[in-house]
Amino acid sequence: QVQLVESGGGLVQAGGSLRLSCAASGRTFSSYAMAWFRQAPGKQREFVASISWNGGSTYYSNSVKGRFTISRDNAKNTVLLQMNSLKPEDTAVYFCAASRSGVLGFTADSWGRGTQVTVSS
């Protein structure tokens, strides 16, 4: 099982950009599909984006499509989430997750502790 640690969150104005990073431990990182989820106050955790083990397939929620980009570097055991054109409704705690079951029907085996993203209007 991989251990995940997110970083890169912070406070940004609407229209700005942030890049989140998820560092994974373990030698089997490249065998996991990876994803980002987020949870706003008072709301359920929701899917943001996912990426297959080799980066060949990516998926996005409709709310972030065209603004966010997920990528991975298996040599560095890292997953990135580039977030552009941020909106106040993107404010949430963002979580990194790993799945052995693949990118379709993503089921998390491991979760990070999250990083706070706050977008001011």
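**Starting point**

A strand here is a DSSP run of E with at least two residues, and strands are numbered from the N terminus. I need that before I can place Ser 52, which sits in the loop between strand 5 and strand 6 (58-60). I also note that I'm looking at a predicted model.

**Entry 1: the overall build**

I went through the chain for its elements and found eleven strands and zero helices. Read from the N terminus, the order is β-β-β-β-β-β-β-β-β-β-β. Next I looked up the dimensions. Along the principal axes, the C-alpha atoms fill a box of roughly 40 × 25 × 25 Å. The radius of gyration is 13 Å, which agrees with the value near 14 Å that a compact globule of 121 residues would have.

Then I looked at burial and surface. Of the 121 residues, 41% count as buried. The chain exposes about 6300 Å², and 48% of that comes from carbon and sulfur atoms. I also looked up the contacts with a separation of 6 or more: residues 24 or more positions apart make up 56% of them.

**Entry 2: the cores**

Which residues have the most contacts inside the largest nonpolar core? I found Met 34, Trp 36, Leu 81, Met 83 and Tyr 94, in a core of 28 residues. Several strands give two or more residues to this core, including strand 3 (18-24), strand 4 (33-39), strand 8 (78-83), strand 9 (92-99) and strand 11 (115-120). There is also a second, separate core of six residues, and I noted Ala 33, Ala 35, Phe 37 and Phe 106 among them.

I picked Met 83 for a longer look. Setting aside neighbours within four places in sequence, Met 83 contacts Gly 16, Ser 17, Leu 18, Leu 20, Arg 67, Phe 68, Tyr 94 and Val 117.

**Entry 3: strand 11**

Val 117 took me on to strand 11. In a regular strand, side chains alternate between the two faces of the sheet. I checked how that looks here: Thr 115, Val 117 and Val 119 make up the covered face of strand 11, while Gln 116, Thr 118 and Ser 120 make up the uncovered one.

Which way do the partners of strand 11 run, parallel or antiparallel? I got one of each kind. Strand 2 (residues 10-13) is joined to strand 11 by four bridges, and these two run parallel. In that pairing, Val 12 stands opposite Val 119. Strand 9 is joined to strand 11 by three bridges, and they run antiparallel. Here I noted Tyr 94, whose bridge partner in strand 11 is Thr 115.

**Entry 4: the disulfide**

I searched for disulfides and found one. Such a link is a covalent bond between the sulfur atoms of two cysteines. Cys 22 and Cys 96 form this one, with their sulfur atoms 2.1 Å apart. The angle about the S-S bond is -80 degrees, so I wrote down the link of Cys 22 and Cys 96 as left-handed. What does the pair tie together? Cys 22 is in strand 3 and Cys 96 in strand 9, so the link joins parts that are 74 residues apart in sequence. Both Cys 22 and Cys 96 are buried.

**Entry 5: Gly 16 and Ser 52**

Gly 16 had turned up among the contacts of Met 83, so I looked up where Gly 16 lies: the loop between strand 2 and strand 3. Is Gly 16 buried or exposed? Its relative accessibility is 17%, and the cut-off for buried is under 20%, so Gly 16 counts as buried. Leaving out residues up to four places away in sequence, Gly 16 touches Met 83, Asn 84, Ser 85 and Leu 86. I also took one distance: Gly 16 and Ser 120 are 104 residues apart in sequence, but 9.7 Å apart in space from C-alpha to C-alpha.

Back to Ser 52. At 7% relative accessibility, this loop residue counts as buried too. Apart from residues up to four places away in sequence, Ser 52 touches Ala 33, Ser 57, Arg 72 and Val 103.

**Entry 6: two positive phi values**

I looked for positive phi in residues other than glycine. Asn 77 has phi near 50 degrees and lies in the loop between strand 7 and strand 8. With a relative accessible area of 18%, Asn 77 is buried. Ser 85 also has phi near 50 degrees, and I found Ser 85 in the loop between strand 8 and strand 9. Its relative accessibility is 40%, so I put Ser 85 down as partly exposed.

How values were computed. Residues numbered from 1 in each chain as written. Predicted model: local features only at pLDDT ≥ 70, side-chain atom pairs only at ≥ 80, totals over all residues. Heavy atoms only, no water. Core = buried A, V, L, I, M, F, W, Y, C linked by side-chain atoms within 4.5 Å. Buried < 20%, exposed > 50% of the residue type's maximum accessible area, 1.4 Å probe, protein only. Contact = heavy atoms within 4.5 Å. Pairing = 2+ DSSP bridges. Rg over C-alpha atoms; globule rule 2.2 N^0.38 Å. Areas by Shrake-Rupley, 256 points an atom, 1.4 Å probe, with all protein chains shown as cover. Disulfide = S-S within 2.5 Å.
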